[in-house]
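Ready for a little structure reading? Have the model open beside you and work through the exercises at your own pace.

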Amino acid sequence: MRAIPLTVTALAAALLLTACGGGGKSSSKTGSACEIGGVSVQIGSASVAPKAGDTGEIPVSITNQSKACTLDHFAGVVLSAGSAEAKVPALKGAKAQKLKLAKGDSASFTISYVRGNAGDKAALTPKTVKITLPGTTASRSFPWSYGPVATQTASTGPNASVTAFQQVGD
């Protein structure tokens with residue numbers, strides 16, 4: 001049987017640990033969600049969009065550092081430019097899969113974006129990218145150094161998307 005991607009599970013475990021207070025335990029029949037505090041989250045070497053209109057891709061890796069957990073849906077990704085925030089939607093047509101991550105297992109997803117023109121009103125110039133694991137509220141922010149992001153022509157949202165979690169390794 002093929003292993004389920006660990007990134008999603010690791011993220012959910014990390015978020016659970018961060019969100020947990022004193023006692024309490026999860027009684028979910030499908031396992032607990034991966035929490036930011038129980039996983040390591042890293043942004044890998046990006047394929048940066050060099051000029052306006054080009055597409056860039058930013059890989060995000062999650063490794064479970066705690067007890068087994070589950071990634072069940074897409075990661076939450078928000079681009080922040082000071083007081084302005086923009087939620088990055090899931091890739092159109094992408095299907096999320098439920099991934100169970102044992103301790104040490106990893107998973108990954110990708111943030112894709114179209115670079116906008118600097119100073120253009122039809123572009124968002126993020127300072128940070130905030131990542132939240134599915135089923136949790138804790139997040140982790142990283143600096144955004146990939147340039148302005150174009151907005152979609154039919155809306156004010158960013159011309160960007162998040163892929164589904166994929167298992168890393170065997």
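Below are three exercises on this predicted model, each with a worked solution.

**Exercise 1.** Find the strands that pair with β9, and say in which sense they run.

*Solution.* Start with β9, residues 128-132. Strand β4 (residues 76-81) pairs with β9 in the antiparallel sense, over five bridges. Within this pairing, Val 78 has Lys 130 as its bridge partner. Next, look at β10 (residues 139-143): five bridges join β10 to β9, and these two strands also run antiparallel. Here Ile 131 stands opposite Arg 140. Finally, follow the chain through the hairpin of β9 and β10, where six residues lie between the strands and Gly 135 takes a positive phi near 80°.

**Exercise 2.** Classify the ring pair of Phe 109 and Phe 165, and work out why the pair ties together separate parts of the sequence.

*Solution.* The model has three aromatic pairs. In this one the ring centres are 5.3 Å apart and the planes meet at 80°; an angle over 60 counts as edge-to-face, so that is the class. Phe 109 lies in strand β7 and Phe 165 in the loop between β12 and β13, so the pair ties together parts 56 residues apart in sequence. Now check burial: Phe 109 is buried at 1% relative accessible area, and Phe 165 is buried at 1% too.

**Exercise 3.** Is Trp 144 buried or exposed, and which aromatic cluster does Trp 144 belong to?

*Solution.* Buried means under 20%, so Trp 144, at 8% relative accessibility, counts as buried. Trp 144 forms an edge-to-face pair with Tyr 113, at 5.3 Å centre to centre and 75° between the planes. The cluster consists of Tyr 113, Trp 144 and Tyr 146.

Notes
Residues are numbered from 1 along each chain as its sequence is written. This is a predicted model: local features need pLDDT of at least 70, side-chain atom pairs count only at pLDDT 80 or more; totals for chains, interfaces and linings use all residues. Side-chain values use heavy atoms; hydrogens and water are left out. Two strands pair if DSSP finds at least two bridges between them. Helices (H or I, at least four residues) and strands (E, at least two) are DSSP runs, numbered from the N terminus. Rings of Phe, Tyr and Trp (its six-membered ring) pair if their centres lie within 6.5 Å; planes under 30 degrees apart count as stacked, over 60 as edge-to-face and the rest as tilted. Buried means under 20% relative accessible area, exposed over 50%, partly exposed in between (1.4 Å probe, protein chains only).
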